Amino acid sequence: MWKVAVRGMRAHKLRLVLTALAIVLGVTFISGTYVLTDTLNNTFSVLFGNIYKHVDFQVRGVAAFESNAPGGGAVRRAIPESLLAKVRRVPGVGVAQGTVAGYAQYIARDGKAVVTGGAPTIGLSFDPNDELSALRLTQGTAPTSPHDVVMDAGTAGKYHFTVGDRVRILLLGPPETFTITGIATFGTANNLAGATLAAFTLTTAQALFHEPGRLDSINVRVAPGADKTQVQRALAAILPHGVEVVTGQTVVNEQTSTISKALGFFSIALLVFAFISLFVGAFTIFNTFTITVGQRTRELALLRIVGASRRQVFWSVLVEAAVIGLVSSLIGLALGVLAAVGLVKLLSGFGITLPTGPLVFEARTAIVGLLVGVGVTLVAAVGPARNAVRIPPVAALVDHPVVHAATLRRRYVVGGLFSAVGIGALADGLTKPAIQLVGLGAVCIFIGVAQLAPVVARPIASVLGRPLAKLLGTPGRLGRENSMRSPRRTAQTASALMIGLALISAVAVFGASLSRSATSSIDNAISANLIVTSSSNGMGGFSDTVPGVAAAVAGVTATSTVYAGEFEFQHSISTMTAISTKSVGLTLILRMTEGTVGALAHGELLVDSTTAMTSHVAVGDFVSVRFAKTGASTVRIGGIYEPNALIGSYLSGDGFFLSHFENPVPLAVLLQTNGSTGVERRVIAALHAYPNLKIQTRTQFEKAQQAQVSQLLGLIYALLALAVLIALIGIVNTLMLSVFERTREIGLLRAVGMKRRQVRTMIRAESVILALFGAIIGILVGTFLGVALAASLRQQGITEIAVPVSSLVTFLVLAGLLGLGAASWPARHAAKLDVLAAISTE
Amino acid sequence: MTLTEPDRTVTAAAHAVDLFKTYGTGDAAVHALSGVNVAFDRGRFTAVMGPSGSGKSTLMHCMAGLDRPTSGRTFIGGQDISLLNDAGLTQLRRDRIGFVFQAFNLVPTLTARENVTLPADLAGKKVDLEWLAYLADALGITDRLSHRPSELSGGQQQRVACARALINRPELIFADEPTGNLDSNSSAEMLGFLRRSVREFEQSVVMVTHDPRGAAFSDCVVFLGDGKVVGELQAPTEDSVLERMRQMGT
Ligand SMILES: Nc1ncnc2c1ncn2[C@@H]1O[C@H](COP(=O)(O)OP(=O)(O)OP(=O)(O)O)[C@@H](O)[C@H]1O
Ligand SMILES: [Mg+2]
């Protein structure tokens, strides 16, 4: 039986390659993701280990709470500088040095702010003690005066700064000019994963970051010969409440785990796409095996006649699948390593320089890759293998062996069941919300729809084919007939494409809804004409002097500064937005359902109606809150407003906010103007010194938000394109198999006078119909999923549901064109068939 | 027919000159045709007979432009088709030749009617509806035209193929054992029709057959043996064919 399986595979090399491609691509994704994240994890842990090599202990504020933001660590309070002297006096302490860090952003020579593409722009105190410092000077000297700065080697290299140059830096206060006294690396890396670093003397840093007399942490090195545990105990004894001492290793572990948590999000996102590719691949494999088992009916029946058992027939099919799965998984693993290397290169091309380290290929990568790759292939082949088992020996003897696979009715029951379970899981998952349930629901719906698709395959193919038949004449009509010939095959082939397009359409619908909701939430929340934000992706803040400068411009009638920060509301971490209470009515639109906006000025908190409902709070209630800086307290609910994504769920006044948060940076300034001409120009001119600012009209702001959504969509489309590619490979495969199967028929057509060109047209027409069929079902399913997803996120601010018809039509047209492309090889092959060989084929 | 009477080739529907067809090379070479000179008369019904493996199908394939001979030339109505490229041959088959094979004559996705009109449709020509109706009626398939091949009996399928072969009024029809799978009644009906087409509209027909009774429908029988023409019989009857076959020791 082994021989039969192997011979069969050798006879169908092409089919093998096409089938394998889907698995290769999926496993490449898995392996690439793992290798990349493992490598980065390892590199960062080595880097941090290196940096804190000589730090035995760190004294710091106790964590108030863990940040909710991806990649965010613990939120801590600063400690008094006076503690430094006390620490130094503890017996056994060799060296102790305080550090502070804050916001500092370089301005390049061309006057533009140095942007990092997501990474922070860090300012910190330069630690003159080599052993304790994270920075290693490679050129120049440490900063000594308040006008000195040490720049990271990454920025210096990229923006051509050297020792002795002067550089302007954006700070929490007004921008200032500094002299570069030295260039430093961060541990052994040029910089910290793309973050820029500006290091000042400790006192300068404290002043610049508005932390005079305070430190973020104190790094301690134990004196030679001292007992570390005793020193730690002694340190702990002198620390006031709210301050802790931890080992350097703890800090390394925390920093590494913060990074790996961030990388974890990233790798899960990539693995989702790997899973999608494999899922689509499974459909192609299933289809290929179904067709080939069908084509081998006689051969398999003959095997049964000469004594092969059912079990042997079953295994001959599965062995083939296992070999395909194994070989393609191995290739995928290898390609994944290459992909990881390529991706690092690509990222550094975008300016995200990652510290370099050895490639990490863990056993887990190989195990998961192989298990998933082989597993998916086997699972997909089980159904066809069971069909093979059902072939009766007499099938070898009759002219047109008809093998009854599962009856259509059973298919409908199974398909209906899957769809129903899928919709149930989806609904449950969306309301809970539980993302795994949503995924499971989507998978079930896909399987269910794929099962049900044969019902509509004939009528839809017939309708789709009619214009083609009109346009292309007989070859078009024959293509149409071929696509209608086996509804099951048509549906199975189209299913893979259906999934790809369903996902793309769902994303498109979701994105369009998001985009429109963003616009409407801006319209519903902001009445200001001008909006000032940071240019670094809306994430970063800017100097607290900006609102004052803007307010002084002639024609500006009102300014509101917006802040945001994390706090604990009824014991769960949430984000609080704050706005200047003075002019809030002139710049912000708050649709109050209860209470008044005026409550903000009294230090009360406003919540949106959704939060009020889910947290069971009403106006007048006192609720428990906690802040990193000031600890636990209670606050009165002063009002309830209609949900708005831009404002968020919790809104406070600026006074309240500033008293509870440590040195918050403004995130936005809303400007109301009197509409006089040139106000915008004057504002831009006045804020010229702050090149990190974006000054936009409300329309521009809306456009920018939409552009962000489209950028994200573009990225997701690119990743989903892989699934579509696999689906297309499936179409090529099916067409190729169909051509083999119809060799005689094509020969007959050629004998009675069909031209080569007409043969090609016929195959192309069939392919286009297949592709359009898959696309139509996919777009329908995808629109449903997208609408469901968007509708369920109403609370999260997706208030509008938009179906981007033009995008969907574009997808449809593209799918048709891709179908045309997929047909080119099979069509050429069919046209080249030798007439005689074709009609004399057994 | 040998070329000792050159005048006949001028009027022939098709003829072949020094036709060789060799499959494989060296020791494994099979000479399916080794020097065939033959002419099929216009407006006549010619049967080709011979033992299995004697090269009948090969001869037909070469003469109909389905296959290329190793050497020698083949003509359709005086035109040397060895000079044609694939497109030319395709057009030749579509417009000037009709085919009936032993089996698998019809495209399964098309109805009987669509199968019949296929050559015309492929050429983008208008179908002569009267002619179609006449053929369908004569072949007794009028009420079967909207059916698919899978819904037709073997005899009906062959008659549909026959109608298709005739629809373009080709110069020549090639039929390779068209009745090979049919019972004697269906065979007789089919052959009767072919003979009628020869009589009534001077259709030229070349038919490969194993059946002496089938050969008796023809005007002339050409005998092949080992890739050569080994004999010819004019105005055959079942008995005379059998007699000749016995003489040739088959
Ligand atoms: N493609 C091929 N490759 C090799 N040899 C072939 C091929 N086609 C035919 N032959 C050989 O050529 C010879 C003639 O074959 P052909 O099919 O013409 O015989 P035939 O007279 O039609 O026989 P039958 O009555 O059985 O149909 C045979 O010996 C056959 O084995
Ligand atoms: Mg033959």
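Here is a short, friendly note on how the helices and the two chains A and B of this structure meet.

1. A word on the model first. This is a predicted model, in which local features need pLDDT of at least 70 and side-chain atom pairs count only at pLDDT 80 or more, while totals for chains, interfaces and linings use all residues. Residues are numbered from 1 along each chain as its sequence is written, chains are lettered from A and ligands numbered from 1 in the order in which they are written, and side-chain values use heavy atoms, with hydrogens and water left out.

2. The place where the chains meet is a good start. Chain A gives 21 residues to the contact and chain B gives 23, where contact means heavy atoms within 4.5 Å. Together they bury about 2200 Å², with 62% of that on carbon and sulfur atoms; buried area is the accessible area (1.4 Å probe) that two parts lose on being put together, summed over both. On the chain A side, Leu748(A), Val752(A) and Leu836(A) lose the most area to chain B, together 26% of what that side buries.

3. Next come the charges. There are 3 salt bridges between chain A and chain B, a salt bridge being a side-chain nitrogen of Lys or Arg within 4 Å of a carboxyl oxygen of Asp or Glu. The side chains of Arg477(A) and Glu114(B) form a salt bridge, at 3.7 Å from N to O.

4. Now look at the helices around that pair. Helix H13 of chain A (residues 474-485) and helix H4 of chain B (residues 112-123) have axes that come within 10 Å and cross at roughly 140°. Helices (H or I, at least four residues) and strands (E, at least two) are DSSP runs, numbered from the N terminus. Axes are lines fitted to C-alpha atoms, for helices over the stretch in contact, and angles run from 0 to 180 degrees between N-to-C directions. Thr474(A), Arg477(A) and Leu478(A) of H13(A) meet Glu114(B), Leu118(B), Asp121(B) and Leu122(B) of H4(B).

5. H13(A) has a partner in its own chain too. The axes of helix H12 (residues 435-472) of chain A and H13(A) come within 7 Å and cross at roughly 170°. That makes the two helices roughly antiparallel, as angles under 35 degrees count as roughly parallel, over 145 as roughly antiparallel, 65 to 115 as roughly perpendicular and the rest as oblique. Arg477(A) appears here as well, among the H13(A) residues that meet H12(A).

6. Another helix pair is worth a visit. Helix H20 (residues 698-741) and helix H23 (residues 805-822), both of chain A, have axes that come within 9 Å and cross at roughly 45°, and they are therefore oblique to each other. From H20(A) the contact includes Tyr717(A) and Leu728(A), and from H23(A) it includes Phe811(A) and Leu818(A).

7. Finally, a salt bridge inside chain A. Arg636(A) pairs with Glu604(A), the closest N and O atoms being 2.9 Å apart. Arg636(A) sits in strand E22 (residues 631-641) and Glu604(A) in the loop between strands E19 (592-595) and E20 (605-608), so this pair links distant parts of the chain, 32 residues apart.
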